[in-house]
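I am opening a notebook page to write down, step by step, what I look up in this structure. I begin with a term that I need, and then I go through the model entry by entry.

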Amino acid sequence: MMMTFRPFSRASLAIALTASALAMPAFAQQASAPAAAEPDNGSMEPSPVTRNPSTPEEQAEREAANAAQVQASNAQLAQNAANLANYEARRSSYENQMKLYENTVDSRARAESEYAEVKKLYDAIYAQWEADVAACNAGDRKRCAQAPVMPK
């Protein structure tokens, strides 16, 4: 019997190839620099904003837009907080209902178990009573019910 030497099993080779295929896009992203940003060339030239200063009307429009954006983001934050509070309240209610249900299920299981024990005892006593009645009717007077003693 001749054994062949395999340095890698097919599964480990597939894992290695998959891992290298997944790593390639991440490596390619790291290698490329963002094209949108202009490199700082050390120039003391004024920025486009200082070369073309805005008019008071444009500045007022920007400030109004910024204020509206702040107001919208604050409203969104308040809504998020309200949604979170609502979620937490509903989750707490659900968890309380589940505990109540579990307690009810446990209580019912205990009650059914106790009922089964009582029923088993009742059935045994009833079977003994039927056997005593049958024996009494057959003539075995020891197994007949005793007449109650009436007080004088």
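**Entry 1: the disulfide.** Before searching I wrote down the term: a disulfide is a pair of cysteine sulfur atoms within 2.5 Å. I also noted that the model in front of me is predicted. How many disulfides does the structure hold? I found one disulfide, and its partners are Cys-136 and Cys-144, with sulfur atoms 1.7 Å apart. That distance lies within the 2.5 Å cut-off, so the pair counts as a disulfide. As general background I added that a disulfide is a covalent bond between the sulfur atoms of two cysteines. I then looked up the angle about the S-S bond, which is 100 degrees and makes the link of Cys-136 and Cys-144 right-handed. Are these two cysteines buried or exposed? Cys-136 and Cys-144 are both buried, and I kept this in mind while looking up the chain as a whole, where 2% of the 152 residues count as buried.

**Entry 2: the chain as a whole.** I looked up the elements next and found three helices and zero strands in the protein chain, which run α-α-α from the N terminus on. For the surface I noted that the protein chain exposes about 14,600 Å², and that carbon and sulfur atoms supply 61% of this area.

**Entry 3: helix 3.** I turned to helix 3, which covers residues 56–137, and I asked what distance it reaches from its first C-alpha to its last. Helix 3 has 82 residues and reaches 118 Å, which is close to the 122 Å expected at 1.5 Å a residue. After helix 3 comes Gly-139, whose phi is positive, near 115 degrees.

**Entry 4: salt bridges.** A search of the whole structure finds four salt bridges, and I wrote down three pairs among them, beginning with Glu-95 and Arg-91.

- The side chains of Glu-95 and Arg-91 meet at 3.2 Å, N to O. Glu-95 is partly exposed at 35% relative accessible area, and Arg-91 is also partly exposed, at 40%.
- Arg-108 and Glu-112 form a salt bridge at 3.0 Å, N to O. Here Arg-108 is exposed, with a relative accessible area of 57%, whereas Glu-112 is partly exposed at 44%.
- Asp-123 and Lys-119 form a salt bridge in which the closest N and O atoms are 3.2 Å apart. Asp-123 is partly exposed at 36%, and Lys-119 is partly exposed at 34%.

Why can partners that are not neighbours in the sequence point the same way? An α-helix has 3.6 residues a turn, so residues three or four places apart point the same way. I checked this spacing for each pair: Glu-95 and Arg-91 are four residues apart in helix 3, and therefore about one helical turn separates them. Arg-108 and Glu-112 likewise lie four residues apart in helix 3, about one turn, and Asp-123 and Lys-119 are also four residues apart there.

**Entry 5: aromatic rings.** How many aromatic pairs does a search of the whole structure find? The search finds two aromatic pairs. In one of them Tyr-122 and Tyr-126 are stacked, with 5.9 Å from centre to centre and 25 degrees between the planes. Tyr-122 and Tyr-126 are four residues apart in helix 3, about one helical turn. The rings of Tyr-126 and Trp-129 have centres 5.6 Å apart and planes at 35 degrees, so this pair is tilted. Tyr-126 and Trp-129 are three residues apart in helix 3, which again is about one helical turn. Tyr-126 takes part in both pairs, and the ring pairs link Tyr-122, Tyr-126 and Trp-129 into a cluster.

**Entry 6: the surface at these rings.** I finally asked which residues make a nonpolar surface patch of about 430 Å². The patch is made by Tyr-122, Tyr-126, Trp-129 and Val-133, so three of its members are the residues of the ring cluster. Tyr-126 is partly exposed, with a relative accessible area of 38%, and a residue needs over 30% to belong to a patch, so Tyr-126 passes that cut-off.

How values were computed:
Residues numbered from 1 in each chain as written. Predicted model: local features only at pLDDT ≥ 70, side-chain atom pairs only at ≥ 80, totals over all residues. Heavy atoms only, no water. Helix = DSSP H or I, 4+ residues; strand = E, 2+ residues; numbered from the N terminus. Buried < 20%, exposed > 50% of the residue type's maximum accessible area, 1.4 Å probe, protein only. Phe/Tyr/Trp six-rings, centres within 6.5 Å; stacked < 30°, edge-to-face > 60°. Expected span 1.5 Å × (residues − 1). Patch = residues over 30% accessible without salt bridge, like charges linked within 9 Å, V, L, I, M, F, W, Y side chains within 5 Å. Areas by Shrake-Rupley, 256 points an atom, 1.4 Å probe, with all protein chains shown as cover.
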